[in-house]
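The following exercises introduce a protein structure step by step. Each task is followed by a worked solution, which may be checked against the sequence and the model.

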Amino acid sequence: MKTKVLIPIVAGALLFTGCSNDKETASKPTKTEQTQQEKTALNKVSIKNVGDKRLEVKTTAEGKDLKYAYSVYKDGKLFQKIPYSSKKELAYKLTKSGDYRVRVYVKAGKEKAVAKSTELVKVTKS
């Protein structure tokens, strides 16, 4: 009988203490929210065919100490992988005709990479 009375009292006390009017505490982000705000964001990738001689890929991303990797696809198949570096732009020399697309990977530290692909670019080598 005592436990049946005690449970609603304890639950009410917990509910009451959890509802705070402290605006300063309420406006501060939690650790989870802060971590999510600091995550890497890959905003934009663009590709430009420069005279059928090279592809120029530019990346716009947000985050700290970012590393970039690139996968070059030719005619829908993986053609070449370029490992992670601090270079947010890629100048890729073209040697063969085909339809090219580049997938850009961006990460910070040990964080999971985010990726985005460029538009398809047609290259005609003479």
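**Exercise 1. The chain as a whole**

What share of the contacts in the protein chain with a separation of 6 or more is accounted for by residues 24 or more positions apart? Describe also the elements of the chain and its surface.

*Solution.* The model under study is a predicted one.

Step 1. Residues 24 or more positions apart account for 50% of the contacts in question.

Step 2. The secondary structure of the protein chain consists of three helices and eight strands. Read from the N terminus, the order of these elements is α-α-α-β-β-β-β-β-β-β-β.

Step 3. The protein chain has 126 residues, of which 21% count as buried. Its exposed area is about 9700 Å², and carbon and sulfur atoms supply 54% of that area.

**Exercise 2. An open sheet**

Determine the order in which three strands form an open sheet, and state whether the pairing is parallel or antiparallel.

*Solution.*

Step 1. The strand order is β1-β2-β5, and the pairing is antiparallel.

Step 2. The edges are occupied by β1 (41-50) and β5 (89-93); each has a single partner strand, so one side of each lacks a neighbour in the sheet. From one strand to the next, the twist averages 15 degrees.

Step 3. Consider the pairing of β1 with β2. These antiparallel strands are joined by nine bridges. Within this pairing, Lys48 is placed opposite Glu56 in β2. The hairpin of β1 and β2 has three residues between the strands, and Gly51 there takes a positive phi near 55 degrees.

Step 4. Consider next the pairing of β2 with β5. Strand β2 covers residues 54-62 and is joined to β5 by five bridges, again in an antiparallel arrangement. Two facing pairs may be located in the model: Leu55 is opposite Tyr92 in β5, and Val57 is opposite Leu90 in β5.

Step 5. A general principle supports the reading of such pairings: strands of a sheet pair through backbone hydrogen bonds, in either a parallel or an antiparallel manner.

**Exercise 3. Salt bridges and exposure**

How many salt bridges does a search of the whole structure find? Identify the partners and classify their exposure.

*Solution.*

Step 1. The search of the whole structure yields three salt bridges. For the classification, a residue is buried under 20% relative accessible area, exposed over 50%, and partly exposed in between.

Step 2. One salt bridge links Glu56 with Arg54, whose closest N and O atoms are 2.7 Å apart. Arg54 has a relative accessibility of 35% and therefore counts as partly exposed. Glu56 has already appeared in Exercise 2 as the residue opposite Lys48.

Step 3. Another salt bridge joins the side chains of Asp75 and Lys74, at 3.1 Å from N to O. Asp75, at 43% relative accessibility, is partly exposed, whereas Lys74, with a relative accessible area of 16%, is buried.

Step 4. A further salt bridge brings together the side chains of Lys122 and Asp99, at 3.2 Å from N to O. Lys122 belongs to strand β8 (residues 121-123) and Asp99 to strand β6 (residues 98-108), so this pair ties together parts that are 23 residues apart in sequence.

Step 5. The exposure of this pair remains to be classified. Lys122 is exposed, with a relative accessible area of 60%, while Asp99, at 24% relative accessibility, counts as partly exposed.

Definitions and conventions. Residues numbered from 1 in each chain as written. Predicted model: local features only at pLDDT ≥ 70, side-chain atom pairs only at ≥ 80, totals over all residues. Heavy atoms only, no water. Pairing = 2+ DSSP bridges. Helix = DSSP H or I, 4+ residues; strand = E, 2+ residues; numbered from the N terminus. Axes fitted to C-alpha atoms, helices over the stretch in contact; angles between N-to-C directions. Salt bridge = Lys/Arg side-chain N within 4 Å of Asp/Glu carboxyl O. Buried < 20%, exposed > 50% of the residue type's maximum accessible area, 1.4 Å probe, protein only. Contact = heavy atoms within 4.5 Å. Areas by Shrake-Rupley, 256 points an atom, 1.4 Å probe, with all protein chains shown as cover.
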